[in-house]
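Please read the points below with the model open beside you. They go from the whole chain down to single residues.

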Amino acid sequence: MGNRWPAVTDGTTAVPLRALELFCGIGGFAAAVEGGNVRVVGAFDQDPAALATYRLNFPGHGARQVDLERVSAWELTAGGIDLWWLSPPCQPYCERGACRDLADPRARSLVHILELLGRIPDDLLPRHLALENVAGFVGSEAHGRLTEVLASRGFQVQERLLCPTELGIPMRRPRYYLSASRDEMRPLVAPNPRPLRPLAGYLDRRFGRDVPDELLLSPDVVARFGGALPILDSGDGSACATCFTAGYGRSITSAGSYLQCASGVRHFSPEEIARLMAFPEGFRFPDELPLRKQWHLIGNSLSVAAVREVLRVFPSLALSPRIDDENPSNHPENMI
């Protein structure tokens, strides 16, 4: 799999930062740090399908099934870890959920990790930590506990909300990001405003001629839900997809956008959503993975472009400048 971003070099050889990817999913963080001064030495999750996808695309990262409610301090520090990336479950803080915060069982893994972070010996602490979650995480009990523990361990903290639309990507996915470091960080700077790239550049051209039946919505569903469906015209230069969730393909409304096509109305394919998420060329799902599970995994994942933007506050990661004139239509999938 080729890197989308070239590595930065100043003529010297820097020791790569050893990173641990917690709640790794299909590898959004791994994709974001490709080409940087980072070596992912471990990736933990519980979903077998997510781990199979991760291993397929990032075979050298040591991805394995770990119960993060019971992970040990040794597993989080063995060999010397410079950076922790966390993308814990968002359901305890989602607007569509019950917003039970720390009372939600799905918050237990983050609570456990924060307890370990609070008592790991100083010389074993990571130098950097970064986290992603939904905007509703801000002001939660979990948010308060996270920032309290980080401050007690000597971390500087930067927080921001960022949406891929701010980076010129035609997909809304506003998320909360926290960057923390025991070293000096670059000042937090908002990205320069960028016009949205055309949505058509992210789509598979082959579907303009022959749309698989599994992607099509039935006419009855379209007639029933009508105006409640966010149906986009790929020829509209201002078209912008709504946030794709893990329920896409299962929930009809409030789970993501659809496309008008010659055959009717269709779903976005998982590959098209991955492209909007800025996953690198060549990213793929295991052949045996059902379509609905692919949608579930990509809906649970990260905007690689947004993560990369957030991580620039860490100078030692040496992430290359973003290629603003990159054209997603150059993907092989779009050359059919």
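1. Overall make-up. The protein has 9 helices and 10 strands. Its radius of gyration is 20 Å, close to the 20 Å that the globule rule gives for 336 residues, so the protein is as compact as a globular protein of that length. Keep in mind that this is a predicted model. Along the principal axes, the C-alpha trace spans about 60 × 50 × 40 Å.

2. Surface and interior. Of the 336 residues, 52% count as buried. The accessible surface comes to about 14,800 Å², and carbon and sulfur atoms account for 51% of that area. Take the contacts between residues at least 6 apart in sequence: 73% of them join residues at least 24 apart.

3. The largest nonpolar core. In soluble globular proteins, nonpolar side chains tend to be buried together. Which residues touch the most other members of the largest nonpolar core here? They are Trp85, Phe268, Phe279 and Leu311, out of 70 residues in that core. Helix H9 gives the most to this core, with 6 residues. There is also a second, separate core of 33 residues, which includes Ile81, Leu86, Cys94 and Leu146.

4. Trp85 in detail. Leaving aside neighbours within four places in sequence, Trp85 is in contact with a list of residues that includes Leu20, Glu21, Leu22 and Phe29. Also among its contacts are Ala130, Leu131 and Glu132, together with Tyr177, Leu302, Val307 and Leu311. Leu311 is, like Trp85, one of the four residues that touch the most other members of the largest core.

5. Helix H4. This helix covers residues 108–119, which makes 12 residues. From its first C-alpha to its last it reaches 17 Å, close to the 16 Å expected at 1.5 Å a residue. Its buried residues are Ser109, Leu110, Val111, His112, Ile113, Leu114, Leu116 and Leu117. What do they pack against? The partners are strand S1, helix H3 (73–77), strand S4 (83–86), strand S5 (128–133) and helix H5 (141–152).

6. His112. This residue has its place in helix H4. With a relative accessible area of 16%, His112 falls under the 20% cut-off and therefore counts as buried. Not counting neighbours within four places in sequence, His112 is in contact with Leu68, Glu69, Arg70 and Val71.

7. Cysteines. How many disulfides does a search of the whole structure find? The search finds 0. For Cys24, the closest cysteine sulfur is in Cys90, 16 Å away, and that is too far for a bond, because a disulfide needs the two sulfur atoms within 2.5 Å. Cys261 is in no disulfide either, and the nearest cysteine sulfur, that of Cys240, is 20 Å away. Cys24 is buried at 5% relative accessibility, and Cys261 is buried with a relative accessible area of 15%.

8. Positive phi at two residues. Phe23 is not a glycine, yet it has a positive phi of about 55°. Phe23 lies in the loop between strand S1 (17–22) and helix H1 (28–32), and is buried with a relative accessible area of 13%. Ala318, another residue other than glycine, has a positive phi near 50°. Ala318 is found in the segment after helix H9 (304–311). Is Ala318 buried or partly exposed? At 26% relative accessibility, Ala318 counts as partly exposed.

9. Gly299. This residue is found in helix H8, which covers residues 291–299. Gly299 is buried, with a relative accessible area of 7%. Not counting residues up to four places away in sequence, Gly299 touches Arg173, Phe244, Thr245 and Ala246. Gly299 and Met277 are 22 residues apart along the chain, and their C-alpha atoms are separated by 9.6 Å.

10. Ser269. This residue sits in the loop between strand S10 (264–267) and helix H7 (270–276). At 2% relative accessibility, Ser269 counts as buried. Leaving out residues up to four places away in sequence, Ser269 touches Asp204, Phe207, Leu215 and Trp295.

Notes:
Residues numbered from 1 in each chain as written. Predicted model: local features only at pLDDT ≥ 70, side-chain atom pairs only at ≥ 80, totals over all residues. Heavy atoms only, no water. Helix = DSSP H or I, 4+ residues; strand = E, 2+ residues; numbered from the N terminus. Buried < 20%, exposed > 50% of the residue type's maximum accessible area, 1.4 Å probe, protein only. Contact = heavy atoms within 4.5 Å. Core = buried A, V, L, I, M, F, W, Y, C linked by side-chain atoms within 4.5 Å. Expected span 1.5 Å × (residues − 1). Rg over C-alpha atoms; globule rule 2.2 N^0.38 Å. Areas by Shrake-Rupley, 256 points an atom, 1.4 Å probe, with all protein chains shown as cover.
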